[in-house]
Amino acid sequence: MTRPKRVLHVVRAMNRGGVEGWLMHLLRRLDPSRVRMDFLVQTAETAEFDPELLDRGARLLRCDEPVWSPAYFIQATSLLHQFGPYDAIHSHVHHFSGWLLAVARRSGVPIRIAHSHLDSSEADQSAHWPRRCYLAASKRAIRFYATRLVGVSRVAARALFGATWERDPRSLLLHCGIDLAPFREPVGRRVARDLWNIEEDELLIGHVGRFDTQKNHEFLLQIFAEIVRRRPRARLLLAGDGPLRPEIEQRARGLGVAEKTVFAGVRDDVPRLLGAMDAFVFPSLWEGLPLALLEAQAAGAPCIISDAISEEADVVRRLIYRAALARAPGEWAEIVLNAAGAVRTGRAEAVSNLKGSSFDIESSTEQIYGLYSA
């Protein structure tokens, strides 16, 4: 009997997020007789998904020494030998992947995967010179030590692997799929709105994402302030958490929209929240392939998104409204109001557009089997 492939995924922590959520979908679906997943995390703190992944038989390897210290690489090497041998290491930590793949090669791991989930090109180009030296060295390490180069989108692959990534035989485009099952279930708008006393006749604008620079919450608040000027009975629902949340809460107070803004925190019922929204606004400065945007489309929500997001994410095209980040908040507000007033696409139609595509988790699962058998 053939033994299962043993794969070690590398992440910062298994808290709720796009990449981490996708990995949990895989863990729940992959046949353990074919693939066994473990996780190397870079924290000593318990993360949100830790209990479930342990219950499902995955092992948690904590590499909690300071990153870039000699102790970190000694600990990482020790963990690979202690819990291995592994057939594959699958790294999701962007530039730092190169250095972990070097450790994996020295430890005899045959399949070494660098997975790019982010278009960091603009941030990379504007970095100060010490960081640019680090980025260049990291990319060289990835090219030297990786046996597979995986991108969630073309722009994400280009950002980490270079402009000629498609000509590299190691390259693979893998759209991280979403679980469509929750979007097939009927969802009453009233149920989610009642959680925060949002009236049925109030316009509900929503966003799902981590509070950090990339997601551009500051601009989102400016857009919402303009929406309120035009339509006072409007509310904003922000799902997620992150280091910039206190700053964004203060900014909401400064713009006079704090009482109309719901900071919902990290949620495990995002499909239900999306079903309650009249419009999903996503003005990100950069992205790879935002899974929250795919979920918003599956929910049938009109999606007003920035032109910085790859068109690969435009799956249900009648739901997508693109706007340049250079446009004023008031112009964005007009687009949001027009989109919210358009005839809404039903969930069944939206899900049918996604089912069987590369954005369906079932497709991701089949690709993963092939990736680890290479």
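In this predicted model, L53 is buried, because its relative accessible area is 0%, which lies under the 20% that marks the limit for a buried residue. L53 is found in helix α2, which covers residues 50–55. When residues up to four places away in sequence are not counted, L53 touches M14, M24, L27, F39, A58 and L60. R140 lies 87 residues apart from L53 along the chain, and the C-alpha atoms of the two are separated by 33 Å.

**Strand β5 and its partners**

How many of the six residues of β5 are buried? Six of the six are, so the strand is largely enclosed by the rest of the structure. The side chains can be followed in two sets: I111, I113 and H115 point one way from β5, while R112, A114 and S116 point the other way, and all of these residues are buried. Strand β4, residues 88–91, is joined to β5 by four bridges, and the two strands run parallel. Between β4 and β5 the chain passes through helix α4, residues 97–106, and this β-α-β crossover is right-handed. Strand β6 also pairs with β5 in the parallel sense, over four bridges. Further along the chain, strand β11, residues 279–282, runs parallel to β12 and is joined to that strand by three bridges. The table lists these strand pairs together with one pair of facing residues from each.

| Strand pair | Bridges and sense | Facing residues |
|---|---|---|
| β4 and β5 | four bridges, parallel | S91 and A114 |
| β5 and β6 | four bridges, parallel | S116 and G151 |
| β11 and β12 | three bridges, parallel | F282 and I305 |

**Helix α7**

Helix α7 is formed by residues 154–161, and within this helix A156, A157, A159, L160 and F161 are buried. Seen down the axis of α7, these buried residues fall within an arc of 165°, so they line one face of the helix. What do the buried residues of α7 pack against? They pack against strand β5 (111–116), helix α5 (121–125), helix α6 (129–145) and strand β6 (148–151), and β5 and β6 are themselves paired in the parallel sense. The residue that follows α7 is G162, whose phi is positive, near 100°.

**The six-stranded sheet**

The strands β10-β9-β8-β11-β12-β13, given here in their order, form an open sheet of six strands with parallel pairing. Why is one side of β10 and of β13 left without a neighbour in the sheet? Both β10 (261–265) and β13 stand at the edges, each with a single partner strand, so one side of each is left without a neighbour in the sheet. On average, and with direction ignored, neighbouring strands of this sheet are turned by 25° against each other.

**The loop that holds S310**

S310 has its place in the loop between β12 (303–306) and β13 (320–323). Is S310 buried or exposed? S310 is buried, because its relative accessible area is 11%, again under the limit of 20%. The side chain of S310 makes a polar contact with the side chain of E312, at 3.0 Å. Leaving aside its neighbours within four places in sequence, S310 is in contact with V155, G288 and R322.

How values were computed. Residues are numbered from 1 along each chain as its sequence is written. This is a predicted model: local features need pLDDT of at least 70, side-chain atom pairs count only at pLDDT 80 or more; totals for chains, interfaces and linings use all residues. Side-chain values use heavy atoms; hydrogens and water are left out. Buried means under 20% relative accessible area, exposed over 50%, partly exposed in between (1.4 Å probe, protein chains only). A polar contact is a pair of N or O atoms within 3.5 Å; within protein, one must be able to donate a hydrogen and the other to accept it, and residues adjacent in sequence count only if both atoms are side-chain atoms. Contact means heavy atoms within 4.5 Å. The arc is that of the directions from the helix axis to the C-beta atoms. Two strands pair if DSSP finds at least two bridges between them. A crossover is right-handed if, with the strands pointing away from the viewer, the path from the first strand over the helix to the second runs clockwise. Axes are lines fitted to C-alpha atoms, for helices over the stretch in contact, and angles run from 0 to 180 degrees between N-to-C directions.
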